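I sat down with this one to look up folds, pairings and packing, and kept notes as I went. Here is the entry.

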Amino acid sequence: MPLQFQYTLRLLPSSSTSDVSAEINGILKESELLAAPSTLPAKSSHEESVLDKSLRLALSLHSTSPSSSCTEEEDHAPTTNCPYRKIGAGACGAIFAQAGGSAIAKLAKDSNSLELWNDFRQHIKIAKSFRNLDFPDDPPIHIPKPLGFVPQDKVSFFSANPALVQAAEPIISSLPTHALIAERILPLPRSTRHLLIEKYCAPRGKQKALADPANSDCLVRVYLGSTNGKSTGMFFSLRNLKLHLNQLTELHLDIEALASRMGVALAVMHWGARTDARDVEFVLGSSSTKKATFEDDLDNIEDDAEEQYVGPSTYNGLEDFFCRQTEMWVLDFNQVRDITLDDAGVALAVEAVKLNDPYFPKPLKESEAEKHAWKAFTVSYLEKSTTILEEALKNDKGLGDEILALPRKFILGIIELEKERMSRREGANA
């Protein structure tokens, strides 16, 4: 049973597009942000270390890296018998991929559970909702393509993939089991991984971290709702490395861009796919598609241009004439639940945020970084939600204008959650 709110969600009048800005200002006032936050201080070049500057450039959205550095195995197309290895794991499954492969197999730990089927079903629905929106050149967020699902009784799949079985047997207790097949999110490039180890790994563990093959599977979790990030102690892993808001701010990454993209993604999952987005993850990884490293330069070469070198300044092979970009991805849909377009749906969506890791910015905070993140998230969420729901009203005459108030109720619910947390902390400290 979902958690029940101890307060009544405020009913707001539905609005047309023309007064969305006024409604957004009302929400920001509720979270004490009607006045624009102070500008985040820019770090001068002499204050920013070479390491921090390199990491900022590497982790910024759309930053490019040579294609060959995203995965050392990329030049080798996988064969049927090419070994699989585990590249990640979660509560419901372990994830396997082949060297050089562009797909992953997520195998259910419990063959009697329907959780992986829910993962696949929700993944399809959310991916479709993203495709239905008009993001021509710069989608705010990427979602791996769902490719297929193999139920436990499809024994022929595992017979045809003995290398997958061999890799899974020490980890999955009951084979065959359910398998979800999806596009692989490529890890951040080797150069970025080395920078992260240099920045956040304790000195005594750096050589071990550099030599650990598991650290080639590097995706960075974006925790905009936490300022508790710190360098690690004895144990360090780049698999699902968590970078908190204070660390992202220290690197002078574009917090507002990250928060805005997160707000758009959540609006799509809530009101496009009509799900609660429970336990989804937001990570930085490499783009799945390659582009020419000097694509713009190629277009600018004149017909009468003299012979010249056109290509990367350094390269390790022909693959470096391609590049990949750092992008934000959303993944993991096994706990996602359907919602309805009413107060009950809003309650489920608010509950999901309460139970999730601290990806989403929080209201009522004191630091300028937290204020900027919350405002960017809220504005993008409300604007995209309004667009989605107004389109739904056009396409479904059975819906009423009252659905336009739902996104604002969600944001107010998040504000109330934070007020409850603050009240509990004050009571504990009294």
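What follows are my notes, from the whole chain down to single residues.

**Overview**

I keep in mind that this is a predicted model. I looked up the secondary structure of the protein chain and got 13 helices and 11 strands. Of its 430 residues, 49% count as buried. I also checked contacts between residues at least 6 apart in sequence: 76% of them join residues at least 24 apart.

**The open sheet**

I went to the sheet of 5 strands next. What is its strand order? I read β2-β3-β4-β6-β5, an open sheet with antiparallel pairing. The edge strands are β2 (84-89) and β5 (146-150), and each of them pairs on one side only. On average, neighbouring strands here are turned by 25° against each other, ignoring direction.

I then walked across the pairings. Strand β3 (residues 93-98) runs antiparallel to β4 and shares 4 bridges with it. In that pairing, G93 sits opposite A108 of β4. The two strands β3 and β4 make a hairpin with 4 residues between them. I looked at the turn too: G100 there has a positive phi of about 80°.

On to β4 and β6: 5 bridges, again antiparallel. L107 faces A179 in β6 across this pairing. Then β5 is joined to β6 (residues 179-183) by 4 bridges, also antiparallel. I noted G148 with I181 of β6 as its bridge partner.

How many of the 6 residues of β4 are buried? I get 5, so β4 is largely enclosed by the rest of the structure. I also looked for a helix lying across these strands. Helix α3 (residues 115-132) lies across β4 (103-108), β5 and β6, and runs at about 155° to β5.

**Strand β7**

Next stop was β7. I asked which residues on its two faces are buried. V220 and V222 are buried on one side, R221 and Y223 on the other, which leaves both faces covered.

Its partners come in two senses. With strand β8 (residues 241-244), β7 pairs in parallel over 4 bridges, and there Y223 stands opposite H244. With strand β9 (residues 281-286), β7 runs antiparallel and shares 2 bridges; V220 is opposite L284 in that strand.

R221 caught my eye, so I checked whether this arginine of β7 is buried or exposed. Its relative accessibility is 12%, and the cut-off for buried is under 20%, so R221 counts as buried. I listed its contacts, leaving out neighbours within four places in sequence: N240, L241, K242, L243, E281, F282, V283, D357 and Y359.

**Aromatics**

I counted 11 aromatic pairs. The one I opened up is Y223 with Y359, edge-to-face at 5.0 Å centre to centre with 85° between the planes. Y223 belongs to strand β7 (residues 220-223), while Y359 is in the loop between α11 (343-355) and α12 (368-395), so the pair ties together parts 136 residues apart in sequence. Both tyrosines, Y223 and Y359, are buried. I then found them in one aromatic cluster, together with F282, F360, W374, F377, Y381 and F410.

**Cores**

The largest nonpolar core has 82 residues. Which residues have the most contacts inside it? I wrote down L196, M269, F282 and F410. Helix α9 (residues 255-272) gives the most to this core, with 12 residues. I followed L196 outward, again skipping neighbours within four places in sequence, and found contacts including L55, L59, L188, V220, F236 and L243. F282 and F410 turn up in the aromatic cluster as well.

There is also a second, separate core of 15 residues, which includes Y84, F158, A179 and I181. I recognised two of these names from my sheet notes: A179 is the residue opposite L107, and I181 is the bridge partner of G148.

**Cysteines**

Last check was for disulfides, and the count is 0. I looked at two cysteines while I was there. C82 counts as buried at 15% relative accessibility. C92 is buried too, with a relative accessible area of 9%.

Notes:
Residues are numbered from 1 along each chain as its sequence is written. This is a predicted model: local features need pLDDT of at least 70, side-chain atom pairs count only at pLDDT 80 or more; totals for chains, interfaces and linings use all residues. Side-chain values use heavy atoms; hydrogens and water are left out. Rings of Phe, Tyr and Trp (its six-membered ring) pair if their centres lie within 6.5 Å; planes under 30 degrees apart count as stacked, over 60 as edge-to-face and the rest as tilted. Buried means under 20% relative accessible area, exposed over 50%, partly exposed in between (1.4 Å probe, protein chains only). Two strands pair if DSSP finds at least two bridges between them. Axes are lines fitted to C-alpha atoms, for helices over the stretch in contact, and angles run from 0 to 180 degrees between N-to-C directions. Contact means heavy atoms within 4.5 Å. A nonpolar core is a set of buried Ala, Val, Leu, Ile, Met, Phe, Trp, Tyr and Cys residues joined through side-chain atoms within 4.5 Å. A disulfide is a pair of cysteine sulfur atoms within 2.5 Å.
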